[in-house]
Amino acid sequence: MAACAPAQGIILEIGSFKGKSTVGLASIAQRFDLGPVVAVDPHSAPAVTDFGHGSGQSSWDDFQASLRTAGVERTVEAHRAYSSDLARGWTRPIRFLWIDGDHTYRGAKADIDLFRPHLVSGAIVALHDVLHTFEGPVRVFAEELLDSNEFGPAGLCGSIGWAQYRPSDGGAWRDQRCALRRRVGRLIAFVKDGREPKGFRKLRFKLWRGLVPHAAPDAAAWVRAVS
Ligand SMILES: C[S@@+](CC[C@H](N)C(=O)[O-])C[C@H]1O[C@@H](n2cnc3c(N)ncnc32)[C@H](O)[C@@H]1O
């Protein structure tokens with residue numbers, strides 16, 4: 001997605017942790033000469049949204065080591081800050097916005113609201129953990145991307161929800177977005193207010209989740225869809 005988004009601008013990553021996705025994005029940026037990857041994370045682990053990751057230690061040293069090992073440190077403009085701090089004074093156009101930071105509804109909604117004004121036509125927005133039990137990614141994907149005629153083609157690849165910003169003709173994909181919205185929307189009630197579904201509710205959540213199309217798309221077909 002980062003390589004093929006047909007737009008000029010910055011690749012922005014919100015939420016880097018130890019740099020796994022940063023390295024992926026920076027490798028792509030280096031290979032295709034796409035300019036720097038801007039990565040923002042306070043690296044103040046453990047964050048409430050990171051259960052399973054929470055070692056109690058800052059992720060900053062590991063993040064830097066990951067970049068060095070992959071040889072991409074010069075391609076990454078790292079900001080040890082919250083996304084809201086970076087947004088203050090941000091003016092650069094964005095071609096790929098990767099949201100994987102604060103997974104609460106308030107946090108994920110703030111991230112799209114703060115950086116949406118800087119998306120260039122043709123840019124891709126992608127959110128991690130849409131099919132996980134966090135409230136933020138699934139609600140923002142459904143309510144801000146799938147419900148909006150400013151976005152065109154959209155889909156899921158595993159738990160990554162993506163949509164292309166097409167303010168001039170996004171309405172042409174309305175029916176496809178609405179079909180996906182109906183299936184994704186059923187999950188929201190299970191995770192609303194940050195509640196983790198348990199027992200029978202969890203089983204029902206998993207059943208509905210299985211009905212959301214999320215297979216990896218054929219790469220060539222995907223490029224045609226967003227071109
Ligand atoms: C799920 S991890 C990111 C994983 C990473 N993208 C990867 O591929 O390994 C979430 C990260 O978001 C960061 N984070 C939480 N709130 C944030 C915010 N408001 N702005 C930027 N980063 C935030 C946390 O510090 C944490 O490192």
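**Setting values against definitions**

Visitor: Why is R139 said to lie over the face of Y105?

Guide: In this predicted model, which uses local features only at pLDDT of at least 70 and side-chain atom pairs at pLDDT 80 or more, while totals for chains, interfaces and linings use all residues, R139 is 3.7 Å from the ring centre of Y105. The rule asks for NZ of Lys or CZ of Arg within 6 Å of the ring centre and within 35 degrees of the ring normal, so R139 counts as lying over that ring. Residues are numbered from 1 along each chain as its sequence is written, and side-chain values use heavy atoms, without hydrogens and water.

Visitor: Why is R95 listed without a salt bridge?

Guide: R95, in strand β4 (residues 94-99), where a strand is a DSSP run of E with at least two residues and a helix one of H or I with at least four, is buried, meaning under 20% relative accessible area with a 1.4 Å probe, protein chains only. The nearest side chain of opposite charge, D33, is 11 Å away, whereas a salt bridge needs a side-chain nitrogen of Lys or Arg within 4 Å of a carboxyl oxygen of Asp or Glu, so R95 has none.

Visitor: What makes D129 a similar case?

Guide: D129, in the loop between β5 (119-127) and α5 (135-146), is also buried, and R209, its nearest side chain of opposite charge, is 8.9 Å away, leaving D129 without a salt bridge. Beyond neighbours within four places in sequence, D129 is in contact (heavy atoms within 4.5 Å) with D100, H103, F134, P137 and S159.

Technical notes
Buried means under 20% relative accessible area, exposed over 50%, partly exposed in between (1.4 Å probe, protein chains only). Lys and Arg count as positive and Asp and Glu as negative; His and the chain ends are not counted.
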